[in-house]
Each structure stands twice: as C-alpha cells, then as structure tokens.
Amino acid sequence: MKITEFISRKAVVANLKSVDKKGVIQELVAAMKKAYPGERFATGDVVHAILDREHRLGSTGLGSGVAIPHAYIESLKGIVGAFGRSDHTIDFNAVDGQPVRLFFLIASPTIHKAEYMEALKATSTAIRTQNFCKFLLAAKTVKEIEEVFRDAEELAKV
Amino acid sequence: MIHMIHERFITILNRKGLHVRPAAAFAQAAARFKSRIRLLRDGRAFDGKSSLELLMIAAVPGTSLTLQAEGEDAAEAVETLARFAANRFGMEEDD
C-alpha cells in the first residue's frame with residue numbers, strides 16, 4: 001500500500017493554521033471529509049474519537065516531530081487519512097517530549113486489520129526514509145508535499 | 001567481553017496487531033535495557049527500540065516474531081519483553 005492510496009492530494013494540508021492539538025485534529029478531519037465525499041462519517045465524532053484515544057490511551061506522537069493519530073470508524077468502507085504539516089510547534093505529548101510538526105492521520109474500519117497494518121507500514125517506512133521528514137518540513141505547497149510522497153514511494157520499490 | 005545472544009519466539013496477541021501504541025510501548029520498554037534488542041521476521045531484523053521500525057513489520061494478530069537481545073542484560077531483556085508481549089504490551093482490549 002502507498003501513502004497516496006489513503007491520503008489523496010485533497011487531504012493534504014500544507015500549512016496547518018491551528019496552534020494546538022485539538023485544532024490540528026479538527027483541521028485534518030475536515031480535510032479528510034472534503035477529500036473523501038463517498039465515505040460517511042461525522043467530522044465531530046471522528047475528532048472526538050481521536051482526541052479521546054490520545055488522552056486515554058497515550059500519545060501517538062512517536063518522536064522526531066511526527067505523530068500518527070488515528071481512530072476506528074465502523075461506517076468507513078476503506079482506510080482514509082489526511083496529512084498536515086505545521087510551521088508551529090504543536091505540543092502533542094510525544095514520547096520524546098518534542099513538539100510535533102508532521103501529522104499522518106489515519107481512519108480505519110475496525111474489520112480491515114491487515115490493511116490498517118499495511119497503511120502503518122507505508123507511513124513508518126516513509127518516515128524512516130532518509131530526508132523524508134526534512135523535505136516535508138521544507139515543502140510549502142500541496143504539490144511539493146505530493147512530490148515528497150511520490151519520491152518516498154519510488155524509493156520503497158527499490 | 002562477549003555477550004550471549006538470547007532469543008525467544010513471541011506472538012502478537014493484540015487484536016489489532018502491532019500497531020502504533022503497542023509499538024511505542026514496546027520501544028519504550030526495550031529502551032530501558034542496555035542490550036541491543038531486535039525483532040526478526042522472515043530473516044529481516046527490526047530495531048526493537050524504534051517504534052517506527054516496529055510498525056514496518058506490519059504484524060497482524062497472531063504473527064510470530066523472534067525476539068532477540070544481545071548485551072549484558074540480554075537474558076533479563078528477553079524475559080521481560082516476552083512477558084510484555086504476552087500481556088498485549090500493557091494494552092487493554094480497546095487498544
């Protein structure tokens with residue numbers, strides 16, 4: 001699975017406006033809603049589910065300025081997501097205590113376990129690719145971010 | 001000083017697999033040991049102290065992995081981390 005298969009260009013927010021965790025999640029879920037009109041979910045419910053999990057189960061801020069917030073939504077047909085980069089430093093209670101600037105939000109129907117693991121694999125593989133995060137932080141537009149995604153996908157094939 | 005390599009098979013019991021939070025929990029638990037910790041799948045090794053590498057395994061429920069530790073506290077590391085895996089990485093059912 002490729003990142004662009006569950007994060008379409010419409011679901012990319014090149015410059016997140018929010019300065020806190022809740023605002024960022026709201027922006028990303030709103031982008032996901034716009035990008036996937038065929039999927040039925042209430043934006044507020046997804047935001048609530050993600051924030052609830054972050055507070056109750058622990059942060060998905062995995063360190064190095066990256067977070068992978070997610071929620072399971074029964075009504076989804078497939079895995080959908082959104083990506084956001086921020087010029088602000090967002091406090092996300094990350095495991096290394098560092099602020100987060102890159103967000104990969106993933107929403108998955110509960111039954112699609114294997115696909116969800118594949119989406120996580122694609123995301124983590126890209127994040128581990130040299131310079132991927134550096135290039136994403138430097139990218140200013142949706143087009144530039146898309147190019148970074150595609151470059152990482154090309155590298156993953158080799 | 002040469003250290004023994006300690007190994008044990010572990011099975012992923014979490015019903016959603018080795019996903020974000022279990023991976024983060026394992027990496028944090030592994031980081032407490034001095035030994036090098038690795039998880040092996042199909043001959044490929046993944047750094048047990050990196051949550052991102054653990055996500056790259058894409059281990060669905062029921063996946064068997066080899067837990068390997070090498071270093072002065074390897075025996076204790078394998079014992080502790082294998083028990084942690086058996087306990088679903090400390091996650092409740094709603095993980």
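Two strands count as paired if DSSP finds at least two bridges between them. Both exercises use a predicted model.

**Exercise 1. Work out how the sheet of chain B is built, and which strands stand at its edges.**

Step 1. Set out the order. Four strands of chain B form an open sheet, β1-β4-β2-β3, with antiparallel pairing.

Step 2. Find the edges. β1 (5-11) and β3 (44-47) of chain B each have a single partner strand, so one side of each has no neighbour in the sheet.

Step 3. Add the twist. From one strand to the next, it averages 30 degrees.

Step 4. Check one pair. β2 (residues 36-41) and β4 (residues 64-70) of chain B are joined in the antiparallel sense by five bridges. For I37(B), the bridge partner in β4(B) is A69(B).

Step 5. Place the helix. α3 (residues 74-86) of chain B packs on the sheet and touches β1, β2 and β4 of chain B. The direction of α3 makes about 5 degrees with that of β1(B).

**Exercise 2. Test the span of helix α6 of chain A, then find where its buried residues lie.**

Step 1. Compare spans. Helix α6 (residues 142-157) of chain A has 16 residues, and at 1.5 Å a residue it should span 22 Å. Its end C-alpha atoms are 23 Å apart, which agrees.

Step 2. List the buried residues of α6(A). They are I145(A), V148(A), F149(A) and A152(A).

Step 3. Look down the axis of α6(A). The buried residues fall within an arc of 100 degrees, so they line one face of the helix. Recall that an α-helix has 3.6 residues a turn, so residues three or four places apart point the same way.

Step 4. Turn to the other side of α6(A). There K143(A), E154(A) and K157(A) are exposed.

Step 5. Name the cover. The buried residues of α6(A) are covered by elements of chain A including α1 (3-6), β5 (80-90) and α4 (113-128).

Methods
Residues are numbered from 1 along each chain as its sequence is written. Chains are lettered from A and ligands numbered from 1 in the order in which they are written. This is a predicted model: local features need pLDDT of at least 70, side-chain atom pairs count only at pLDDT 80 or more; totals for chains, interfaces and linings use all residues. Helices (H or I, at least four residues) and strands (E, at least two) are DSSP runs, numbered from the N terminus. The expected span of a helix is 1.5 Å times one less than its number of residues. A residue is buried if 20 or more other C-beta atoms lie within 10 Å of its own, exposed if 12 or fewer, and partly exposed in between; C-beta atoms are placed from the backbone. The arc is that of the directions from the helix axis to the C-beta atoms. Two residues are in contact if their C-beta atoms, placed from the backbone, lie within 7 Å. Axes are lines fitted to C-alpha atoms, for helices over the stretch in contact, and angles run from 0 to 180 degrees between N-to-C directions.
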